[in-house]
Amino acid sequence: PKKIEKKIKSAATDSETEIKFDQEKKAGISNLLTIFSILSGKSIESLEAEYVGKMYGHLKVDLAELVIETLRPIQTQYQDLMKS
């Protein structure tokens, strides 16, 4: 979990602060929004609305938590299998 959190928090983004999907001008934040959308089942548009007025850091922290929780059962199963 710590490695996942560190990787997501250090993900490359632009110098702006608006959380908006724009593959050409904001490739980094667009990538994070895509991952968030896929894992959460929320549309990119709803995520943009949810993060209006918030900074990239807020999105990254929430995304890190979501990725960690999504992977937790897989990691647990992997660890159980490696023990046997």
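**Notes on the predicted model**

1. With a relative accessibility of 47%, Gln23 counts as partly exposed, a class that lies between buried (under 20% relative accessible area) and exposed (over 50%), judged with a 1.4 Å probe and with protein chains only. Gln23 belongs to the loop between α1 and α2, where the helices are DSSP runs of H or I with at least four residues, strands are runs of E with at least two, and both are numbered from the N terminus. Between Gln23 and Leu47, which are 24 residues apart along the chain, the C-alpha atoms are separated by 15 Å.

2. The structure is a predicted model, in which local features need pLDDT of at least 70 and side-chain atom pairs count only at pLDDT 80 or more, while totals for chains, interfaces and linings use all residues. Residues are numbered from 1 along each chain as its sequence is written, and side-chain values use heavy atoms, with hydrogens and water left out.

3. As for the overall make-up, the secondary structure of the chain consists of four helices and zero strands, and reading along the sequence gives the pattern α-α-α-α. Taken along the principal axes, the box filled by the C-alpha atoms is roughly 50 × 25 × 20 Å. Of the 84 residues in the chain, 25% are buried.

4. The accessible surface of the chain is about 5900 Å², obtained by the Shrake-Rupley method with a 1.4 Å probe, where for residues only the protein chains shown count as cover. Carbon and sulfur atoms hold 57% of that surface. Among the contacts in the chain with a separation of 6 or more, 57% join residues 24 or more positions apart, a contact being heavy atoms within 4.5 Å.

5. The packing of α1 and α4 deserves a careful look. Two packed helices are described by the angle between their axes and by the distance between the axes. Helix α1 (residues 2-9) and helix α4 (residues 56-83) pack at an angle of about 145 degrees, and their axes are 9 Å apart; the axes are lines fitted to C-alpha atoms over the stretch in contact, and angles run from 0 to 180 degrees between N-to-C directions. The two helices, α1 and α4, cross in a right-handed sense, that is, with the near helix turned clockwise from the far one by less than a right angle, whereas an anticlockwise turn would be left-handed.

6. Which residues of α1 and α4 meet? From α1 come Ile4, Glu5, Ile8 and Lys9, and from α4 come Lys60, Val61, Leu63, Ala64, Val67, Ile68, Leu71 and Gln75. The residues of this contact of α1 with α4 divide into eight nonpolar, one polar and three charged.

7. Six salt bridges are present in the structure, each being a side-chain nitrogen of Lys or Arg within 4 Å of a carboxyl oxygen of Asp or Glu. One of them joins the side chains of Asp14 and Lys26 at 3.4 Å, N to O. Both Asp14 and Lys26 lie in the loop between α1 and α2 (27-40), so the pair ties together parts that are 12 residues apart in sequence. Lys26 also meets Glu16 in a salt bridge, at 3.2 Å, N to O, and this pair, with Lys26 and Glu16 in the loop between α1 and α2, links parts of the chain 10 residues apart.

8. Asp14, Glu16 and Lys26 are thus joined in a network of salt bridges. Are the residues of this network buried or partly exposed? Lys26 is buried, at a relative accessible area of 6%, whereas Asp14 is partly exposed at 23% relative accessibility and Glu16 is partly exposed at 47%.

9. Another salt bridge pairs Arg72 with Glu69, whose closest N and O atoms are 2.7 Å apart. Both residues, Arg72 and Glu69, sit in helix α4, three residues apart, which is about one turn of the helix. Arg72 is partly exposed at 37% relative accessibility, and Glu69 is partly exposed with a relative accessible area of 47%.

10. Two buried residues complete this note. Leu59, in helix α4, has a relative accessible area of 0% and is buried; leaving aside residues up to four places away in sequence, Leu59 touches Ile19, Ile29, Leu32, Leu33, Phe36 and Tyr51. Ser37, in helix α2, is buried with a relative accessible area of 16%, and on the same basis, not counting residues up to four places away in sequence, Ser37 touches Lys42, Ser43, Ile44 and Leu47.

How values were computed. Nonpolar A, V, L, I, M, F, W, Y, C, P; charged D, E, K, R; others polar.
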